[in-house]
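Let's take a walk through this protein together, starting with its cysteines and ending with the overall picture. Have the model open so you can follow along.

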Amino acid sequence: MNDRLHFVNPDTCRGDGICAAVCPEQILELVNGKAATVRERAPRCILCGQCVAACPTQSLRMPELPEETFGELKKLPFGYDEFLAFLRRRRSVRVFKPDPVSEQMRERILEAASTAPIGFPPHSTEVVVIDRREELDFLLRELVKDYTWMVNGFSNPLFRGMIRLTKGAEIFRAFQNHALEIAKRNNELYLRDGTDRYTYHAPMLMLFHGSRWAMSYEENAHLVCHHAMLAAVSLGLGTTILGIVPPIVDQSKVLRSRYGIPRENKVVTSLILGHPKYKYRRAIRRSLAGVRVV
């Protein structure tokens, strides 16, 4: 049986209905004891692949998702206690050895990042990896230059009004209450002795960006960044998610062009990575701001 989105092998399909049950769009059904596509619902397929992934007899195929898209799942190698212990190992690292992050590590981090859940397929997140020292130094100079311009401009009431009007009240308050003082201090330190409080002289930086017209593009980028961060920690690297870098890259014509960021894309978040210079001996327990069970 050959459908637009699904091919079902009638010889191995046992008609258990699992594929139909897991489909979030109810695109599959059982016909004469075999799985089949509901043709009028087929255009609603979001290419999540759950039907293929859940089929116990591997009787289902989707042309839009090649067979190499799927892989066998192994038994979970750890329990909750081990998982929590791993999470507590993560620290925001800002002091790195000068050693570069290897290409193999980079590829493994990106492989893990690609497994992040997405709001709506296909993936909307793109990644820029910067790992050449001269390029990282160039980015640092651009950050200092553009933040200097913003700090100086913020003393002008007309400039403040323009920022509030174009960026919105939330972004305006965030910059006024937090980023303004941070940028002032960062720039003072850089001009004094070259101290880098923007990227911390990390040997690698990743920028995560996505199309503004894609559904959940910001959430997708944050999830991809988070997966990359945890993958790096599993490899013994240190990381920190940076919120002060993306706004400058996003509004800079020089940096957008230099890093091939499409016009419709927004730079959402960034991650620095490297071999930590110091080893942490104790975990730090944190709590949520609040929990209410209703």
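How many disulfides does the structure hold? Zero, going by this predicted model. That may make you want to look at the cysteines themselves, so here is how they sit. A disulfide is a covalent bond between the sulfur atoms of two cysteines, and to be counted here the two sulfurs must be within 2.5 Å. Start at C45: the closest cysteine sulfur belongs to C48, and at 6.5 Å it is too far away for a bond. Now go to C51. Its closest cysteine sulfur is also in C48, and because the gap is 6.4 Å, that pair is too far apart for a bond as well. While you're at C51, check its surroundings: its relative accessible area is just 7%, so it counts as buried.

Next, move to the surface. There you'll find a nonpolar patch formed by L76, F78, Y80, F83 and L87, which together have about 510 Å² of accessible area. Pick out L87 from that group. It lies in helix α3, which covers residues 80-89. Is L87 buried or partly exposed? Partly exposed, because its relative accessible area is 31% and the buried class stops under 20%.

Now swing over to helix α10, residues 253-258, where R256 lies. You might wonder whether an arginine like this one is out in the open. R256 has 12% relative accessibility, so it counts as buried. What does its side chain meet there? A polar atom of the R256 side chain lies 2.6 Å from the backbone oxygen of P262. P262 is also among the residues that R256 touches, leaving aside those up to four places away in sequence. The others on that list are R212, V249, D250, I261, R263, N265 and V267.

Finally, zoom out to the whole protein. Its secondary structure comes to ten helices and eight strands, and the C-alpha trace spans about 75 × 50 × 45 Å along its principal axes. Of the 294 residues, 38% count as buried; C51 and R256 both fall in that class. The protein exposes about 18,300 Å², with carbon and sulfur atoms supplying 54% of that area. How do the contacts run along the chain? If you take the contacts between residues at least 6 apart in sequence, 74% join residues at least 24 apart.

Key: Residues numbered from 1 in each chain as written. Predicted model: local features only at pLDDT ≥ 70, side-chain atom pairs only at ≥ 80, totals over all residues. Heavy atoms only, no water. Helix = DSSP H or I, 4+ residues; strand = E, 2+ residues; numbered from the N terminus. Buried < 20%, exposed > 50% of the residue type's maximum accessible area, 1.4 Å probe, protein only. Polar contact = N/O pair within 3.5 Å; in protein donor to acceptor, adjacent residues only side chain to side chain. Contact = heavy atoms within 4.5 Å. Patch = residues over 30% accessible without salt bridge, like charges linked within 9 Å, V, L, I, M, F, W, Y side chains within 5 Å. Areas by Shrake-Rupley, 256 points an atom, 1.4 Å probe, with all protein chains shown as cover. Salt bridge = Lys/Arg side-chain N within 4 Å of Asp/Glu carboxyl O.
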